[in-house]
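Thank you all for making time this morning. I would like to walk you through one protein slowly, beginning with a single pair of side chains and then widening the view, so please have the picture in front of you.

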Amino acid sequence: FFFGPVMLVNYLSGLTGISADALVLLLGMLAGYPLGFVWRYLPNNPTTKHIFSTVTGLGLMWFAYDWPGVTHTMITTLITLAMLKFLPRKYSLPVGWVFNVGYLLVGYYFNSRPDGYHVTWTTPQCVLTLRLIGMCFDVSDGGLAEDKMDKDAKIRHLKEVPSVLEMLSFAYHFGGVLVGPQYPFAIYDRFVKGTLMPSPRPSSGLATLKCFVFGVMYLGVSQAFNVFYPMDLIYSVEYMNSRPYLLRLLDVLICARGFMYKYLGVWKLGEAPNILTGLSYNGMDKEGNAVWDGVRNIDLAGYEFATRLQDIITNFNINTNAWMKIYVMKRLRFLGNKELSQLGALLFLALWHGMYFGYFAAFIMEFLDMMIERELSKWTKPYTDPWFAEGATAVQKVLGKIYCVFLWCATAAALAYGAIAYIQLTVERTIPVFNAVYWIGHFPHVLFWAYVILKAVLGPKKKKKEA
């Protein structure tokens, strides 16, 4: 399968314990660093940069996913471009949406396995699917009058459809071809033309190095979890039933944390080449320092010290969540209900991840957990706000710190419990783990909805206005 470097990959796989397909993906991401360095010294000519981006991206795609990766991504990219070129804007959006989502789902169907998710050509295809759908929306928005555009559409809209070379460069740019992140063509076009950053170019060396170090560190911790705390063992029914109940809960908490570190490491490692090239440039701060978070997918401090599930959503998978908000949630405003729009976005997010029970169970649980969190926040706010006020007493400050620790623990526990289905994926693998922990994370949902129903039935009735 991995023609050429197969012996090196197999050797490194045996040495590190990392699976061969994951290792090839990792090596492909690391190739972004020397490519990013070369990019900085390319002539300031868009055509040259587009050719370099297309050729190197195709090379990475072939190396990581062989010819299926190249073939499927090329088919969807060129067909989407043809739709945008030859169909009216009002038709290219729905047709492009159905085509790209449908193509991805067919790929998931033929590549799904009973033992869960595996890295295949559908991994870069799911990243490309959002990029191509986003372009369909941007071209559609380009047909609107400017006073009809919202803030995001004014930045992202496209008056003209990109050329074939521009489209291929956008689809295969080495900084996002394998695992993302997401960025619109309008930003990428400015990046290629050299207008995204001021001149002289701000230094990005330290920011690149920090990102790389954090990526390596988190991937190392994730691999240590795999070796010393393997999930296949921890989540096995035999092992869990042999453990005292409280230790089972602790195992679930630790496993989820270690599992998520894989994503954190991959995102930071993939972010660094985009800082190196300048694609991640996001203006200057108040002190006049360059900000390099334009395409970051994770805020490590915000995630690690999250005291609410909303903090997790804000700081985890940032670009994908922003994409969902702009292109899905906002487009569901016609439903007339914010919760329904959120549910629709989460269901689409689950479908985009794959056709497994666990994705839908996890994201529906996220939706329900967020509803509970909002209600609990309303109930507790009058009592807890004085603990964080400017004139809080010493006792109140201590209570505030204790409360923050409690919230951090509760947030970590809710995330870990919701991650069970996300990690296990299939019904056959998920239900036994829920049974082993006695479905404890579902109890808050039962209590919450019991309260909602009782309040609706027994609560005070609104008086009808007299005619």
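Let me start with Lys330, which forms a salt bridge with Asp152, and the closest N and O atoms of the two are 2.5 Å apart. Lys330 lies in the loop between α16 (318-329) and α17 (338-353), while Asp152 belongs to helix α7 (residues 151-156), so this pair ties together parts that are 178 residues apart in sequence. I should say at once that what you see is a predicted model, and please keep that in mind for everything that follows.

Are the two partners buried or exposed? Lys330 has a relative accessibility of 22% and therefore counts as partly exposed, whereas Asp152, at 16%, counts as buried. The cut-off at work here is that buried means under 20% relative accessible area, and the two residues fall on either side of that value.

Since Lys330 follows α16, let us look at that helix for a moment. Its buried residues are Asn319, Thr320, Trp323, Met324, Ile326, Tyr327 and Val328, and these buried residues pack against α6 (122-141), α7 and α17. You will notice α7 in that list, and α7 is also the helix that holds Asp152.

A search of the whole structure finds 11 salt bridges, and I would like to show you two others. In one of them, Arg374 pairs with Glu339, with the closest N and O atoms 3.9 Å apart. This pair, too, links distant parts of the chain, because Arg374 sits in helix α18 (residues 357-384) and Glu339 in helix α17, 35 residues apart. Both partners count as partly exposed, Arg374 at 28% relative accessibility and Glu339 at 29%.

The other one is between Glu375 and Lys378, whose side chains meet at 3.7 Å, N to O. Here both residues lie within helix α18, 3 residues apart, which is about one turn of the helix. Glu375 is partly exposed, with a relative accessible area of 24%, while Lys378, at 55%, counts as exposed.

Now let us leave the charged pairs and turn to helix α13 (residues 245-277), where we find Leu269. Leu269 is buried, with a relative accessible area of 1%. What does Leu269 touch, not counting residues up to four places away in sequence? The list consists of Leu26, Met29, Leu30, Tyr33, Phe212, Gly215, Val216 and Leu219.

Let us follow the last of those names, Leu219, which has its place in helix α10 (residues 205-228). Leaving aside its neighbours within four places in sequence, Leu219 is in contact with Leu26, Lys262, Gly265, Val266 and Leu269, so that, reading the two lists together, Leu26 appears as a contact of both leucines. For a sense of scale, the C-alpha atoms of Leu219 and Leu351, 132 residues apart along the chain, are separated by 27 Å. By comparison, Leu269 and Arg248 are 21 residues apart in sequence and 32 Å apart in space, C-alpha to C-alpha.

Helix α13 also holds Arg257, which is buried, with a relative accessible area of 15%. With residues up to four places away in sequence again set aside, Arg257 touches Tyr303, Glu304, Trp408, Ala412 and Leu415.

Finally, let us step back to the whole protein. How many helices and strands does it have? There are 21 helices and 0 strands. The radius of gyration is 24 Å, close to the 23 Å that the globule rule gives for 467 residues, so the protein is as compact as a globular protein of that length. Its C-alpha atoms fill a box of roughly 70 × 70 × 50 Å, taken along the principal axes.

Of the 467 residues, 46% count as buried, and among the contacts between residues at least 6 apart in sequence, 69% join residues at least 24 apart. The accessible surface comes to about 23900 Å², and 68% of that belongs to carbon and sulfur atoms. As for charge, the protein has 41 positive and 31 negative side chains, and the centres of these two sets lie 5 Å apart.

If you take one picture away with you, let it be the pair we began with, Lys330 and Asp152, joined across 178 residues of sequence. Thank you, and I am happy to go back to any part of this.

Methods. Residues numbered from 1 in each chain as written. Predicted model: local features only at pLDDT ≥ 70, side-chain atom pairs only at ≥ 80, totals over all residues. Heavy atoms only, no water. Helix = DSSP H or I, 4+ residues; strand = E, 2+ residues; numbered from the N terminus. Rg over C-alpha atoms; globule rule 2.2 N^0.38 Å. Buried < 20%, exposed > 50% of the residue type's maximum accessible area, 1.4 Å probe, protein only. Contact = heavy atoms within 4.5 Å. Areas by Shrake-Rupley, 256 points an atom, 1.4 Å probe, with all protein chains shown as cover. Lys, Arg positive; Asp, Glu negative; His and termini not counted. Charge placed at Lys NZ, Arg CZ, Asp CG, Glu CD. Salt bridge = Lys/Arg side-chain N within 4 Å of Asp/Glu carboxyl O.
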